[in-house]
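Below is a short briefing on how some helices and strands are arranged in one protein model. Look at the structure first, then read the points that follow.

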Amino acid sequence: MSKKLIIFDTTLRDGEQSPGASMTKDEKVRIAKSLEKMKVDVIEAGFAIASQGDFEAVQAVAKAVKDSTICSLARALDKDIDRAGESIKNANSSRIHTFIATSDIHMKMKLGMTPDEVVTQAVRSVKRATKFTDNIEFSPEDAGRSDTDFLCRIIEAAINAGATTINIPDTVGYSIPYQFGETMRELIERIPNSDKAIFSAHCHNDLGLAVSNSLAAVLNGARQIECTINGLGERAGNTSLEEVVMAVRTRQDVFGCDTNIDATGILAASRLVSSITGFVVQPNKAIVGANAFAHEAGIHQDGVLKHRETYEIMRAEDVGWNNNSLVLGKHSGRNAFKSRLSELGVEFESNDALNDAFSRFKTLADKKHDIFDEDLQALVTEAQTEATEIISLKSLKVSAESGKVNTADVTLSINNIEQSASAKTSGAVDATFNAILSLVDIEPKLQLYSVTNVTQGTDSLGEVNVRLEHEGKVFNGQGVDTDIITSSAKAYVNALNKVMANEERAHPQI
């Protein structure tokens, strides 16, 4: 059995299904370049049929990435397959990932199809996909609740039709590790042509078992894991790339296989995804959390100082923590700025884009003495966000005094027309939001407001995330500044821009 474990990253597709995690085309390309630098084998860039925006994003990633295989998701429908094929035609290496539901409840209640019809449709779709690429992945959706005999039947037919990867998705996070592992083993053993395909696992985290189920699958013959940076994904999330990669690498005695991932890029990728999506990584998150390699207890500190392996099973620098150091200051030049961002996977399409980002860097350097990688990523994300704005913040003045009414005076540019408003409430942030809201024609509900520091120190950039609900849809906004009130205003405006754009999406879930 192969000793290589293929890493299939679906941050740009399944990760984007997290409410509020929608990414622009440019942001998807930035993340894809970061994944390529980490040597991710397959990047699922999106679901091309979902919208024109998704189609263009997959196309852009296919053109920008040279070393990873670029994949588009497609339902088992002719129109989906054709759209996916068109979106990846410029990729150096391409894949189409097609799926159809196989559990009784899905076939009956969702598809309204018989098992025979489902098999026929699966075979038809796989064959159609071979017109565009010879790298075809097939997924029986909701495999975790599907009949094993039927799974054997449809998978055998899909492989005969041309599928080269068979993915077993635990779509609703229902499986338990020993059970999921046994299902993987049984399928590989029972399907006559299983040796002609690589078996994969795609697990959801509804019961907190996505990584455990994925590792159980590896122990039972799976040689591809579908995962996301920071475990981002629908509902409770997906299998965490960083956790799977480091579990397999740390416990070679158990798994007997390894990935091609350059783990030193993990932390940078984690922070990039967090910065773009606004989903903050909790401090106690394995591998990439701020406390992942921190030791508070005296006994632990003493042990680590004497011999690191007493309490650390991985080296922090192996996953990129050694890059969490001061890199630039106010006297740094443009070349140093450009070089450092290139190391972080950020490339500028033009001198104008570079000059704009460098100008923002200089402005920030006048406000805070030390500039860290996280600051640079936040600057680039902010610049790209503003490039597509309907509304932009032009000025903000807040008068705040404890025990008194707070006043916010705001000036916005709305479709290039400046408008001003004031509001008074008991809180500075509330007054700012009310003033902004009085200038637009919508009334979304605020579902989330959170503040975190981007780096260390009282002069750190403050990152604010807001989540708005409007007409049954959720929109996430992010803002960064050394002033928290300004960060809040930027985040609120960012979310309002997404509400006003209101792009329809039709992401399926597998």
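A crossing of two helices is called right-handed if the near helix is turned clockwise from the far one by less than a right angle, and left-handed if it is turned anticlockwise. The model described here is predicted. Two parts of it are covered: a pair of helices, α8 and α9, and an open sheet with the order β9-β10-β11.

**The helix pair**

- Helix α8 spans residues 210–219, and helix α9 spans residues 241–250.
- Their axes are 10 Å apart and meet at an angle of about 45 degrees; the two helices are therefore oblique to each other.
- The crossing of α8 over α9 is right-handed.
- On the α8 side, the contact is made by V211, S214 and L215; on the α9 side, by E243, V244, A247 and V248.
- Sorted by class, this contact has 5 nonpolar residues, 1 polar and 1 charged.

**The sheet**

- Strands in a sheet pair through backbone hydrogen bonds, in either a parallel or an antiparallel way.
- Here 3 strands form the open sheet, and their pairing is antiparallel.
- The edge strands, β9 (391–399) and β11 (417–425), each pair on one side only.
- From one strand to the next, the twist averages 15 degrees.
- Strand β10 (residues 406–414) is joined to β9 by 8 bridges.
- V398 has A408 of β10 as its bridge partner.

**Helices on the sheet**

- Helix α16 (residues 428–437) lies across β9, β10 and β11, at about 35 degrees to β10.
- Helix α17 (residues 484–501) also packs on the sheet, where it touches β9 and β10.
- The direction of α17 makes about 150 degrees with that of β9.

How values were computed: Residues are numbered from 1 along each chain as its sequence is written. This is a predicted model: local features need pLDDT of at least 70, side-chain atom pairs count only at pLDDT 80 or more; totals for chains, interfaces and linings use all residues. Side-chain values use heavy atoms; hydrogens and water are left out. Axes are lines fitted to C-alpha atoms, for helices over the stretch in contact, and angles run from 0 to 180 degrees between N-to-C directions. Helices (H or I, at least four residues) and strands (E, at least two) are DSSP runs, numbered from the N terminus. Angles under 35 degrees count as roughly parallel, over 145 as roughly antiparallel, 65 to 115 as roughly perpendicular and the rest as oblique. Contact means heavy atoms within 4.5 Å. Ala, Val, Leu, Ile, Met, Phe, Trp, Tyr, Cys and Pro count as nonpolar, Asp, Glu, Lys and Arg as charged, and the others, Gly among them, as polar. Two strands pair if DSSP finds at least two bridges between them.
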